[in-house]
Amino acid sequence: MTAAALVEASKRFGGTPALDRVTFAVDDGDVVALLGPNGAGKTTSIALLLGLRRPDTGRALLFGRDPRAAAARRTLGVTPQEMGFPHTLRVVEVVRLVRAHYPRPLSEGDILERFGLTRLAKRQVGGLSGGERRRLAVALAFAGDPRLVVLDEPTSGLDAESRRSVWEAVRGHAAAGGALLLTTHHLDEAEALASRVVVIESGRIVAEGAVAAIKRSAGLARISFAAPTNGFAWAGAGREGDRVAILVRDAGVEIARLVRHGVPLHDLEVRPVTLEEAVTALRGPS
């Protein structure tokens, strides 16, 4: 079933279009990564889905209803990009406050343990580090055991261990049949977690599909090899330390061309592009 959807949704702020006839859906069991640069329309898309703003044209649906309806939001958990807390409340008190809004929340102990907050339970939120506050913010999105979780840049500012705990929570939620929509600037994170990707640029969707399909749609492979730091120039080549990397349509043709020109291909590596490389190619020049 579809947990959330935008259908031909458009939104303008003054004379500036933020979204232009955007359509995508998040189904049960899906992890959808909404990707794009700052100002692309990601935050506006989320605001429409959460009922914080109304589309000028088209529709936003949350469990088949108007997102502004309280009944539609009862099985929704959200971590916005910026989240403030009353500084004097303790971590466990914030967790209890959020749990009280849901009919069948996760247990208090489960929430604290899953996100590494047990030892911080009695601490005042004002005394937490930025990373600890971010962990608490993400934990609250899962606290009510919601059907749909929306995470806006969930791992921003987190260390490697905390990031892994968020990844485990995302995977566990989807495995249990829940739906999840996330935005992230870490495309390795999207590649690791997402079942589907929606790439948005200047308010329009430029690519959508499974991660493997997005990578295939770029039609590229990556060639890299060791080369001297001075004296090597090749059209389309980029340098990564002591290596040269080239994104090409046909690796065999490009390697043959390099050989014909007498380029020594020391430590040659040919591989498919990553999601980040594919998305960059599909978006085109900024």
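**Helix H2, its partner H4, and Val279**

Mentor: In this predicted model, helix H2 spans residues 91-99, and its buried residues are Val91, Val92, Val94, Val95 and Val98.

Trainee: How do you know that the buried residues of H2 line one face of the helix?

Mentor: Look down the axis of H2. The buried residues fall within an arc of 160 degrees, so they line one face.

Trainee: What covers the buried residues of H2?

Mentor: The cover includes helix H3 (108-114) and helix H4 (130-143).

Trainee: Why are H2 and H4 called roughly parallel?

Mentor: Their axes cross at roughly 30 degrees. Angles under 35 degrees count as roughly parallel. H2 and H4 are therefore roughly parallel to each other. The two axes come within 9 Å.

Trainee: Which hand does the crossing of H2 and H4 have?

Mentor: The crossing is right-handed. On the H2 side, Val91, Val94, Val95, Val98 and Arg99 make the contact. H4 brings Leu136, Leu140 and Ala143.

Trainee: What makes up this contact by class?

Mentor: There are 7 nonpolar residues, 1 charged residue and no polar ones. Arg counts as charged, and Arg99 of H2 is in the contact.

Trainee: Now to Val279. Why is Val279 called buried?

Mentor: Buried means under 20% relative accessible area. Val279 has 4%, so Val279 is buried. Val279 lies in helix H9, residues 275-283.

Trainee: Which residues does Val279 touch, not counting those up to four places away in sequence?

Mentor: Val279 touches Leu35, Leu187, Val199 and Ile214. Ile214 is 65 residues from Val279 along the chain, and their C-alpha atoms are separated by 7.6 Å.

Technical notes. Residues are numbered from 1 along each chain as its sequence is written. This is a predicted model: local features need pLDDT of at least 70, side-chain atom pairs count only at pLDDT 80 or more; totals for chains, interfaces and linings use all residues. Side-chain values use heavy atoms; hydrogens and water are left out. Buried means under 20% relative accessible area, exposed over 50%, partly exposed in between (1.4 Å probe, protein chains only). Helices (H or I, at least four residues) and strands (E, at least two) are DSSP runs, numbered from the N terminus. The arc is that of the directions from the helix axis to the C-beta atoms. Contact means heavy atoms within 4.5 Å. Axes are lines fitted to C-alpha atoms, for helices over the stretch in contact, and angles run from 0 to 180 degrees between N-to-C directions. Angles under 35 degrees count as roughly parallel, over 145 as roughly antiparallel, 65 to 115 as roughly perpendicular and the rest as oblique. A crossing is left-handed if the near helix is turned anticlockwise from the far one by less than a right angle, and right-handed if clockwise.
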